[in-house]
Amino acid sequence: MPIHPDITQLKAADLPPVDCVFGGFPCTDLSNANTKGRGLKGDRSGLWFEMLRLITEINPTHVVIENVPPTGNDDRNWINEAQPALKDLGYTTERLNLSAAMFGGCHPRARTFLVAYSDQKRRRKLPQSNNPSFNQRISSRVFTKADSGDNGEISWLLPNGEILRRSDGPAAWMERYFQPDKPS
């Protein structure tokens, strides 16, 4: 994936078609470590507005934003600004709180991800293939979900028993996280 060094100089017209904008902006003005931080009004964390400008110009199918967990302070709670701005652009958002420790890191390093998907673009037609197995997977929409034991592995099976997808490790944890009816 290309990484662009200066968002203030980046224009949508200079990019190939983009399906997902994934990024963060400096947390310097948002973090509790900076007692004089000005939130998104600060010069560094205010780069959020450049990211929002590009999202508006590009109109991607998905947006993923990463930053420090928002505090109760309205000036530093970036979610209070980002979520309504994305909603106004036609995105549905989901908030996900993760930490490095959840993935084996030796420190907490909490992070919040705001995942957004376009309400219109996500309904686009799925690609077709000459492969009958591929078309069956896409068109049947009938999957069986099976837990494969204590190792956290989860599989999705087609009606004929063929494995459509199998996940384990962090992916299995995330699958459980987004299913409130399933015990963790």
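This passage walks through the strands, the main pocket and a helix of a predicted model.

A convenient place to start is strand E1, which covers residues 20-24. Its side chains alternate between two faces: Val21 and Gly23 point one way and are buried, whereas Cys20, Phe22 and Gly24 point the other way and are not buried. Such a pattern fits the general rule that side chains in a regular strand alternate between the two faces of the sheet. E1 has a partner in strand E2 (residues 62-67), and the two run in the parallel sense, joined by 5 bridges. Within this pairing, cysteine 20 is bridged to histidine 62 of E2. Together with helix H1 (residues 48-58), the two strands E1 and E2 form a β-α-β unit that is right-handed.

Turning to open space in the model, the largest pocket holds about 730 Å³. Its lining comprises 25 residues, of which Pro2, His4, Leu10, Val21 and Phe22 are the closest to the centre of the pocket. E1 and H1 are the elements that supply two or more residues to this lining, and E1 gives the most, with 5 residues. By character, the lining residues divide into 19 nonpolar, 3 polar and 3 charged.

Helix H2 (residues 78-88) offers a clear two-sided picture. Trp78, Ile79, Ala82, Ala85 and Leu86 are its buried residues. Viewed down the axis of H2, these buried residues fall within an arc of 145 degrees, so they line one face of the helix. Lys87 and Asp88, by contrast, are exposed on the other side of H2.

Note on methods
Residues are numbered from 1 along each chain as its sequence is written. This is a predicted model: local features need pLDDT of at least 70, side-chain atom pairs count only at pLDDT 80 or more; totals for chains, interfaces and linings use all residues. Side-chain values use heavy atoms; hydrogens and water are left out. Buried means under 20% relative accessible area, exposed over 50%, partly exposed in between (1.4 Å probe, protein chains only). Helices (H or I, at least four residues) and strands (E, at least two) are DSSP runs, numbered from the N terminus. Two strands pair if DSSP finds at least two bridges between them. A crossover is right-handed if, with the strands pointing away from the viewer, the path from the first strand over the helix to the second runs clockwise. On a 1 Å grid over the protein atoms alone, a cavity is a set of points where a 1.4 Å probe fits but cannot get out, and a pocket is an open set with protein on both sides within 12 Å along at least five of seven lines; lining residues have an atom within 4 Å of a point. Grid points are joined across faces, edges and corners, and a volume is the space filled by probe spheres set on the points. Ala, Val, Leu, Ile, Met, Phe, Trp, Tyr, Cys and Pro count as nonpolar, Asp, Glu, Lys and Arg as charged, and the others, Gly among them, as polar. The arc is that of the directions from the helix axis to the C-beta atoms.
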